[in-house]
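Reader: I have a chain on screen and want to learn to read its features. Where do we start?

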Amino acid sequence: MSDGRSLRVLIAEDDYLVSEMVRGLLGELHHTVAGVANTGHDAVAMVARLQPDVVLMDIRMPDMDG
């Protein structure tokens with residue numbers, strides 16, 4: 001963000017390589033990865049538990065789309 005604020009981000013992505021790429025990009029931008037969910041259902045559960053600022057969710061996941 002332009003105001004220098006670091007965000008806590010939950011990544012919801014079923015492709016390991018994509019989630020690692022996103023994790024790296026977020027790190028370069030000084031944001032914190034709060035967690036990585038491999039399914040949509042896991043992402044919903046993790047949002048309740050981790051309360052991230054932002055969820056980056058794959059739009060094509062096998063059980064629940066973003």
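Author: With how elements are named. Helices and strands are DSSP runs, numbered from the N terminus. This is a predicted model. Aspartate 63 then has a clear address: the segment after E3.

Reader: Is aspartate 63 buried, exposed or partly exposed?

Author: Buried means under 20% relative accessible area, exposed over 50%, partly exposed in between. Aspartate 63 has 34% relative accessibility, so it counts as partly exposed.

Reader: What does aspartate 63 contact, leaving aside its neighbours within four places in sequence?

Author: Contact means heavy atoms within 4.5 Å. On that basis, aspartate 63 is in contact with Thr39, Gly40 and His41. Take histidine 41: it is 22 residues apart from aspartate 63 along the chain, and their C-alpha atoms are separated by 7.3 Å.

Reader: Now the helix H2. Which residues of H2 are buried?

Author: Gly40, Ala43 and Met46 are buried in H2. Seen down the helix axis, the buried residues of H2 fall within an arc of 115 degrees, so they line one face. Ala48 and Arg49 are exposed on the other side of H2.

Reader: What covers the buried residues of H2?

Author: The cover includes strands E1, E2 and E3. E1 spans residues 8–12, E2 spans 32–37, and E3 spans 54–57.

Reader: How many residues of E1 are buried?

Author: 4 of the 5 residues of E1 are buried, so the strand is largely enclosed by the rest of the structure.

Reader: In which sense do E1 and E2 pair?

Author: Two strands pair if DSSP finds at least two bridges between them. E1 and E2 have 5 bridges, in the parallel sense. For a landmark, find arginine 8: it stands opposite threonine 32 in E2.

Reader: Next, backbone angles. What sign does phi usually take?

Author: Most residues other than glycine have a negative phi. Glutamine 51 has a positive one, near 50 degrees.

Reader: Where is glutamine 51?

Author: It follows H2, in the loop between that helix (40–50) and strand E3. With 59% relative accessibility, glutamine 51 counts as exposed.

Reader: Which value does phi of histidine 30 take?

Author: Phi of histidine 30 is near 65 degrees, again positive in a residue other than glycine. Histidine 30 sits in the loop between H1 and E2. Its relative accessible area is 63%, so it is exposed.

Reader: Let us turn to H1. Is serine 19 buried or exposed?

Author: Apply the cut-off again: buried means under 20% relative accessible area. Serine 19, in helix H1, has 4%, so it is buried. Not counting residues up to four places away in sequence, serine 19 touches Ile11, Glu13 and Val36. Ile11 lies within the span of E1, residues 8–12. Val36 lies within that of E2, 32–37.

Reader: And the surface. Which residues make the nonpolar patch?

Author: Here the idea is to look for nonpolar side chains with over 30% relative accessible area, joined within 5 Å. Val18, Met21 and Leu25 make a nonpolar surface patch of about 260 Å².

Reader: Why does leucine 25 pass the accessibility cut-off for a patch?

Author: Its relative accessible area is 46%, so leucine 25 is partly exposed. Leucine 25 is found in helix H1, residues 16–28.

Note on methods:
Residues are numbered from 1 along each chain as its sequence is written. This is a predicted model: local features need pLDDT of at least 70, side-chain atom pairs count only at pLDDT 80 or more; totals for chains, interfaces and linings use all residues. Side-chain values use heavy atoms; hydrogens and water are left out. Patches are made of residues with over 30% relative accessible area and no salt bridge: like charges are joined within 9 Å, nonpolar side chains (Val, Leu, Ile, Met, Phe, Trp, Tyr) within 5 Å. Accessible areas come from the Shrake-Rupley method with a 1.4 Å probe; for residues, only the protein chains shown count as cover. A salt bridge is a side-chain nitrogen of Lys or Arg within 4 Å of a carboxyl oxygen of Asp or Glu. Helices (H or I, at least four residues) and strands (E, at least two) are DSSP runs, numbered from the N terminus. Buried means under 20% relative accessible area, exposed over 50%, partly exposed in between (1.4 Å probe, protein chains only). The arc is that of the directions from the helix axis to the C-beta atoms.
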